[in-house]
Amino acid sequence: MTYQNINLPTTGEKIKIKNGTLHVPDQPVVGFIEGDGIGPDITNACLRVWDAAVEKAYDGNRKIHWCELYLGEKAAGLYDGDYFPAETLAAIRDLVIAIKGPLTTPVGGGFRSLNVSLRQELDLYACVRPVRYYQNVPSPLKEPEKVDVVIFRENTEDVYAGLEYQSGTKENKKLANFLRDEMGARFFDDAGLGVKPISPFGSKRLVRKAIQFAIDNRRESVTLVHKGNIMKFTEGAFRNWGYELAKEEFAEHTVTEEELYTTHGGKCPPGKIIIKDRIADIIFQLLLLRPAEFDVLATMNLNGDYLSDAVAAEVGGVGIAPGANIADHVAVFEATHGTAPKYANQNKVNPSSLLLSGVMMLEYIGWKEAADLINAAYPKVIGDKFVTYDFARLMDGAHIVSTSTFADALIAKVTGDADDLSRLEEERRQALETERKEREAKRIADPLQAMKESGRQPATSAGIMSPITSVASSATVDEAMHTMRETDISYILVEPDNGGDWGIMTKRDVVTKIVGANKSTANVRVEEIATRPLITVTADAGLRAVSMVLSQNNIRRVVVENKDVPVGVVSDTDLFEVVQEFGWDPED
């Protein structure tokens, strides 16, 4: 392909997509965009660090061949004022992988945002933001090392879709009249109006990418973040479609949090990823108080925007937060902060956001060894207090260095004892694995307390039910009582009789129908004293509905059914324990 201003390197090979898989040669061509403001300073520093890490990790057998692309102010100077040249988009599609510095959106001309336009034109539907703590980085948390999450934010829908209608315009009035006259909606006059589209297609492809990432990187869980208790048909639908996608496409790799407790006793089956969900406002508190409970988060556009910056603040700020916008394969990695024009060309600012985005890029193309070297070298340089001005003002006795000198210090660490650096990253991974096992042990030992600590409040019968124990209809009462003693339960289910109905025998039945009737436990079969048919609720019945069934039928326990088959039992004691542990707010 021939370009007007882009010069492809004469060496290296293009990254290819074959049979839906990324194929990265040892000498790939990768695009880079310097960016505006501080962009040239941080980009030039980072290019040197990435190259040094690749050379060290692979003994010179691998190398990135960089190809400069143009967006923003530099593009405008080359393309007659065009900040967003079409050939740059074509080149990114052709090269598959690119990384960019921060961009300035031209004032009053053409684009709401160059970054948003880039995402929309290339359909970069997943904004991926890993947030982890690097030792020695100043942080407001007492235990910032517990933060290690990757946020998958849907990039194309939600209130960011651009479907807004300004107050007073004819379009606004037309939509307002339709909503009032045709849909019966009520809202104040002259309100600005926006549309919040959330689709199965957009939701599922985002969740698919999040789950696949969790599987590929041996992560523990994927949490669907939503405000579905209020916006049931948009954010609630996102949650439901996420669970559907996990069941339809990843059944052999995933287990829901509900199944984790009800079927597996809190122990995650080997090789499984836990799929769970949390309300959006609650997750902010949980990521401050119990960040270790969360791993990969999948959420919609606005929630993801808030969360990404909020969690970044826990580990050092958005100035060091990496990020990427990714389609099915095409990926653009980026600095997540602005252009800071007042510091342009001063060789002063912290390059960490772009630097760590490059680490993401190395991991994305499968060059984990090079990424590990930078990840391990970074906290060592910070620990030496060899930092740019932003960190220096938060440290005692810090050495303030320039952008390029900070890069020099990183390169010195990276090119030093690589085995030592690799060991540090492996030790970090082992520590995370140990924490995972400790959480599992707590879930098994005290499920209700583990639920409370993780922010999960059971909402359905399946979430609090106990597994069933059953005997054949022909079993004697003596045999059934023996099973009840062994399993320490006060009831036992009785398998279907000739009519196909299940039954239940309780301690009370033995007292009233055996002792009270002066019969022998050895001679009476359970089918003679069992209560049939069962009083049941569905697995997805809400806790208030369960309570009403218990009250209306004057019983202490109800059987939970799934497709007409008993799968568990919920008692009034179970409900009491949930209220005791979590409190009770009236349902919306």
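Arg439 is found in helix 15, which spans residues 418-445. The model described here is predicted. At 16% relative accessibility, Arg439 counts as buried, because the limit for that class is under 20%. Beyond its neighbours within four places in sequence, Arg439 is in contact with Glu220, Ala292 and Glu293. Arg439 also belongs to a network of salt bridges. The other members of this network are Glu220, Lys267, Glu440 and Arg443. Glu220 therefore appears twice, as a contact of Arg439 and as a member of the network.

The overall fold was examined next. The protein has 588 residues, and 49% of them count as buried. Its secondary structure comes to 21 helices and 24 strands. The C-alpha atoms fill a box of roughly 100 × 65 × 50 Å, taken along the principal axes. Contacts between residues at least 6 apart in sequence were also considered. Of these, 70% join residues at least 24 apart.

The largest nonpolar core has 99 residues. The residues with the most contacts inside this core are Trp50, Trp66, Ile97, Val222, Leu355, Ile374 and Tyr378. Helix 1, residues 39-57, gives the most to the core, with nine residues. Val222 shows what surrounds one of these core residues. With residues up to four places away in sequence not counted, Val222 touches Ala210, Ile211 and Ala214. Val222 also touches Ile273, Ile274, Ile275 and Lys276. Val296 and Ala298 complete the list for Val222.

Helix 1 also packs against another helix. Two packed helices are described by the angle between their axes and the distance between the axes. The axes of helix 1 and helix 14 (residues 403-414) come within 9 Å and cross at roughly 5°. Helix 1 and helix 14 are therefore roughly parallel to each other. On the helix 1 side, the contact is made by Asp41, Ile42, Ala45, Arg48, Val49, Ala52, Ala53 and Lys56. On the helix 14 side, Thr403, Ser404, Ala407, Asp408, Leu410, Ile411 and Val414 take part. By class, this contact of helix 1 with helix 14 has nine nonpolar, two polar and four charged residues.

Charged pairs were then considered. Side chains of opposite charge can pair when their charged atoms come close. The count comes to 33 salt bridges. One of them joins Glu334 and Arg119, with the closest N and O atoms 3.8 Å apart. Glu334 lies in strand 16 (residues 331-335) and Arg119 in helix 4 (residues 114-122), so the pair ties together parts that are 215 residues apart in sequence. Glu334 is buried, and Arg119 is buried too.

A second salt bridge links Lys204 with Glu244. Here the closest N and O atoms are 3.5 Å apart. Lys204 lies in helix 6 (residues 200-216) and Glu244 in helix 7 (residues 235-249), so this pair ties together parts that are 40 residues apart in sequence. Lys204 counts as buried, at 16% relative accessibility. Glu244 is partly exposed, with a relative accessible area of 36%.

A third salt bridge lies within one helix. Lys513 pairs with Asp509, and the closest N and O atoms are 3.4 Å apart. Both residues lie in helix 19 (residues 507-515). Being four residues apart there, Lys513 and Asp509 are separated by about one helical turn. Lys513 is partly exposed, with a relative accessible area of 31%. Asp509 counts as buried, at 8% relative accessibility.

Two residues from the N-terminal part of the numbering were also placed. Gly35 lies in the loop between strand 4 (28-33) and helix 1. With a relative accessible area of 8%, Gly35 is buried. Gly35 touches Pro40, Gly101, Pro102 and Leu103, with residues up to four places away in sequence not counted. Gly35 and Leu22 are 13 residues apart in sequence and 26 Å apart in space, C-alpha to C-alpha. Lys18 is found in strand 2 (residues 16-18). At 46% relative accessibility, Lys18 counts as partly exposed. The C-alpha atoms of Lys18 and Asp501 are separated by 55 Å. Along the chain, Lys18 and Asp501 are 483 residues apart.

How values were computed: Predicted model: local features only at pLDDT ≥ 70, side-chain atom pairs only at ≥ 80, totals over all residues. Heavy atoms only, no water. Core = buried A, V, L, I, M, F, W, Y, C linked by side-chain atoms within 4.5 Å. Buried < 20%, exposed > 50% of the residue type's maximum accessible area, 1.4 Å probe, protein only. Helix = DSSP H or I, 4+ residues; strand = E, 2+ residues; numbered from the N terminus. Contact = heavy atoms within 4.5 Å. Salt bridge = Lys/Arg side-chain N within 4 Å of Asp/Glu carboxyl O. Axes fitted to C-alpha atoms, helices over the stretch in contact; angles between N-to-C directions. Parallel < 35°, antiparallel > 145°, perpendicular 65-115°, else oblique. Nonpolar A, V, L, I, M, F, W, Y, C, P; charged D, E, K, R; others polar.
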